[in-house]
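Q: I should like to take a close look at a single part of this model and then see how it fits into the rest. Please give one connected account.

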Amino acid sequence: MAQANVHGTALLVGSRGILIRGPSQSGKSSLCLSLLRRAPCQNVTAALVADDRVDLHIEEEIIVMSAPPALSGMMEIYGIGIVKESCVPRANLSLVVDLVPRQVIVRMPEPSERMTEILGRQVRRIVLAQREPAFGADVVMSLLEHEDLFVS
């Protein structure tokens, strides 16, 4: 069975599981927190799956994300510490958000750059500037409104 434990933050927004990746202190938890707070304003449910470490495995050809048991429901807020957050035990991965320095973002990415491979499966991918959680959350929420972007 294909599985992995990756550095990242995972959440469920509506029916979409999102994996946020990036280097340490790039704003993964900040983007997650912004999405958790913005989604209900648009009548969309949202919940944490995992922060800092995410377990991935394949079930019936779908990548499933969950938290390592010791980290379930815990989220680190930079400068504050570890806080308890409402969470769900798992989510099916629909979107990968990679946080990178603004200067390396390609303005109009090629179709091949809009996908990434995880556990041998192709997953929709977007690249956002690190440390810009409010703007990143707005982009992700806008993207989630466009179902056609998730058709491979």
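Where does N43 lie?

A: N43 lies in the loop that runs between helix α1 and strand β3 (46–59). The model is a predicted one, in which local features need pLDDT of at least 70 and side-chain atom pairs count only at pLDDT 80 or more, while totals for chains, interfaces and linings use all residues. Residues are numbered from 1 along each chain as its sequence is written, and side-chain values use heavy atoms, with hydrogens and water left out.

The backbone at N43 has a phi near 55°, a positive value in a residue other than glycine. N43 counts as exposed because its relative accessible area is 75% (buried means under 20%, exposed over 50%, partly exposed in between, with a 1.4 Å probe and protein chains only). L119 is another non-glycine residue with a positive phi, here near 50°. The loop that holds L119 connects β8 (115–118) to β9. L119 has a relative accessibility of 21%, so it counts as partly exposed.

The loop of N43 follows helix α1, one of two helices in the protein chain, which also has nine strands (helices are DSSP runs of H or I with at least four residues, strands are runs of E with at least two, both numbered from the N terminus). In sequence order the pattern is β-β-α-β-β-β-β-β-β-β-α.

Helix α1 (residues 28–38) packs with helix α2 (residues 133–144). Their axes come within 8 Å and cross at roughly 55°, and therefore α1 is oblique to α2. Axes here are lines fitted to C-alpha atoms, for helices over the stretch in contact, and angles run from 0 to 180 degrees between N-to-C directions. Angles under 35 degrees count as roughly parallel, over 145 as roughly antiparallel, 65 to 115 as roughly perpendicular and the rest as oblique. The α1 and α2 crossing is right-handed, a term for a near helix turned clockwise from the far one by less than a right angle.

On the α1 side, S30, L31, S34, L35 and R38 take part; they meet P133, A134, G136, A137, D138, V140 and M141 of α2 (contact means heavy atoms within 4.5 Å). The residues of this α1 and α2 contact comprise seven nonpolar, three polar and two charged. In that grouping Ala, Val, Leu, Ile, Met, Phe, Trp, Tyr, Cys and Pro are nonpolar, Asp, Glu, Lys and Arg are charged, and the others, Gly among them, are polar.

R37 also belongs to helix α1, and its relative accessible area of 47% is why it counts as partly exposed. R37 and R121 are 84 residues apart along the chain, with their C-alpha atoms separated by 30 Å.

Ahead of α2, R131 sits in the loop that begins after β9 (121–129). R131 is partly exposed because its relative accessibility is 44%. Beyond residues up to four places away in sequence, R131 touches Q25, S26, G27 and S30. From C-alpha to C-alpha, R131 and L93 are 23 Å apart in space, and 38 residues apart in sequence.

Two strand residues add to the picture. R21 lies in β2 (residues 16–21) and, with a relative accessible area of 22%, counts as partly exposed. Not counting residues up to four places away in sequence, R21 touches H7, K28, V96, V97, D98, L99, T116, I118 and R125. A91 belongs to β7 (residues 90–100) and is buried, its relative accessible area being 4%. Neighbours within four places aside, the contacts of A91 are L12, G17, V49, I63, V64 and M65. A91 and L48 are 43 residues apart in sequence, yet their C-alpha atoms are 9.5 Å apart.

For the protein chain as a whole, 41% of the 152 residues are buried. Of the contacts between residues at least 6 apart in sequence, 68% join residues at least 24 apart. The C-alpha atoms fill a box of roughly 40 × 35 × 30 Å along the principal axes. The radius of gyration is 14 Å, which agrees with the value near 15 Å for a compact globule of 152 residues; the radius is taken over C-alpha atoms, and the globule rule is 2.2 Å times the number of residues to the power 0.38.
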